[in-house]
Amino acid sequence: MKKIYFILIVILAAFNLFASTYTVKNGDTLVNILSNNFDYSEILAIDKRLKELSSEFTLQSGQTLVYDKDVVRLKYAIDKEFVIYKNNDNLEVKLEQFPIFKLKTVVENNIDSSLFEAVRATGEDDILAIMLANIYEWEIDFFKDIRQGDKFKILVEKKFCRGKFIGYGKILAADFINQGRLIRALYYEDEKTAGYFSPDGKSLRKGFLKAPIKFGRISSGFTSRRLHPVLNEVRAHYGVDYAAPYGTPVHATADGKIIARGYKKGNGYYVKLKHNNGYETMYMHFSKFKQGQHIGSYVKQGEVIGYIGTSGYATGPHVDYRIIKNGTYLNPLAFKSPSKSLPKEKIENFTKATALYAYMLDSTYYRLAKFKMLK
């Protein structure tokens, strides 16, 4: 056994002696990173061959090269690397691709303060919290609805390559218990449909998002009488103020057409959208607008239309969000958005396609109940 260890040490030492690693920096070119190993004509041939093997290849900072005599390994993606070497007088360039494995995993926790902290406490990345919030953004107002003791379970694909975690795939199913209400989301996809649905086939995607920004806090609510923080007089406030850091993206809460976009003394920089069935929404106090949009542009639900600021009558960075129905202002916090359902002919396929996901979530409850009985 000692002899085997000695041989391994010798091999590793020899590799370190002859091999070296370089990390690509901004401004690097193939010429300057390969010139010690290949002449100029060979580098031109290598460049041509790289693009033949992978049309999307570009040399970028952060990529690594491992030099070992006449062999160079260019690692340009977690699952891909080029092997460049001379075989006598012949130059060869090969693309090696490594398989990506997906592991279905259940991640769960109770919420003591925030969704982000609860997800981090499981050892997962913040992006998983954002993915979960995106699924439930039509059902749960993450500004006012989250309570201590809320819970979540997430059945998510975790991707691995060469023994390393490289990111998340889809969330396949999730349970969110919010103030005692269980909301189950099941992912379903066919040739015309892709999204999250409740077990009875109702889409979690509604006509309107709960809020125009992802995270922040409510600094002022909908009321007919409020002491204006700037004018110092009692006025109606027919919207909800969502406070967040300066420059936070503001999203259209529903598909619509921009019918007003500009600056007014009180509103600051604002956008007004027209939606179906007599609905309109307003967004005020932007720091700037999203480029490329104008009056008459159509925007999709969730599309960025501007960025939080303090323009107009504002004491701090926020967006004043308003909903209007046939000329009447509605309270965004009490507004119930209409939902959609899968067609009846798709329900059977949906149930079959999501049965495994539902079972994997349900089995975690069974295991927990059994564990408590054994205790």
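User: How many aromatic pairs does the structure hold?

Analyst: This predicted model holds 22 aromatic pairs.

User: Why is the pair of Tyr188 and Phe350 called edge-to-face?

Analyst: The ring centres of Tyr188 and Phe350 are 5.5 Å apart, and their planes stand at 90 degrees. Rings count as a pair if their centres lie within 6.5 Å, and planes over 60 degrees apart count as edge-to-face. Both conditions are met, so the pair is edge-to-face.

User: What makes this pair a tie between separate parts of the chain?

Analyst: Tyr188 belongs to strand β9 (residues 181–189), whereas Phe350 belongs to helix α6 (residues 344–374). The pair therefore ties together parts that are 162 residues apart in sequence. Both Tyr188 and Phe350 are buried.

User: Why is the pair of Tyr283 and Tyr321 called tilted?

Analyst: The planes of Tyr283 and Tyr321 meet at 35 degrees, with the ring centres 5.4 Å apart. Stacked planes are under 30 degrees apart and edge-to-face planes over 60, with the rest counted as tilted; the value of 35 degrees falls in the last group, so this pair is tilted. The pair links distant parts of the chain, with Tyr283 in strand β19 (residues 279–289) and Tyr321 in strand β22 (residues 318–325), 38 residues apart.

User: How do you know whether Tyr283 and Tyr321 are buried or exposed?

Analyst: Buried means under 20% relative accessible area. Tyr283 has a relative accessible area of 0%, so Tyr283 is buried. Tyr321 also has 0%, and is therefore buried.

User: What makes the charged end of Arg162 count as sitting over a ring, and which ring is it?

Analyst: The ring is that of Phe98, and the charged end of Arg162 sits over it, 3.9 Å from its centre. The distance cut-off is 6 Å, so the value of 3.9 Å satisfies it. The charged end of Lys288 sits over the ring of Tyr307, 5.3 Å from its centre, which is also within 6 Å.

User: Which residues have the most contacts inside the largest nonpolar core?

Analyst: They are Leu115, Leu132, Tyr136, Phe152, Ile171 and Phe176, in a core of 27 residues. At least two residues each come from α4 (115–121), α5 (126–136), β7 (151–161), β8 (164–178) and β9. The most is given by α5, with six residues. Tyr136 and Phe176 also belong to one aromatic cluster with Phe116, Phe142 and Phe215.

User: Which residues lie nearest the centre of the largest cavity?

Analyst: Glu137, Phe142, Ala211, Ile213 and Lys214 do, among 14 lining residues. About 130 Å³ of space lies in this cavity.

Methods. Residues numbered from 1 in each chain as written. Predicted model: local features only at pLDDT ≥ 70, side-chain atom pairs only at ≥ 80, totals over all residues. Heavy atoms only, no water. 1 Å grid on protein atoms, 1.4 Å probe; cavity = no way out; pocket = protein on both sides within 12 Å on 5 of 7 lines; lining within 4 Å. Points joined across faces, edges and corners; volume = space filled by probe spheres on them. Phe/Tyr/Trp six-rings, centres within 6.5 Å; stacked < 30°, edge-to-face > 60°. Helix = DSSP H or I, 4+ residues; strand = E, 2+ residues; numbered from the N terminus. Buried < 20%, exposed > 50% of the residue type's maximum accessible area, 1.4 Å probe, protein only. Lys NZ or Arg CZ within 6 Å of the ring centre and 35° of its normal. Core = buried A, V, L, I, M, F, W, Y, C linked by side-chain atoms within 4.5 Å.
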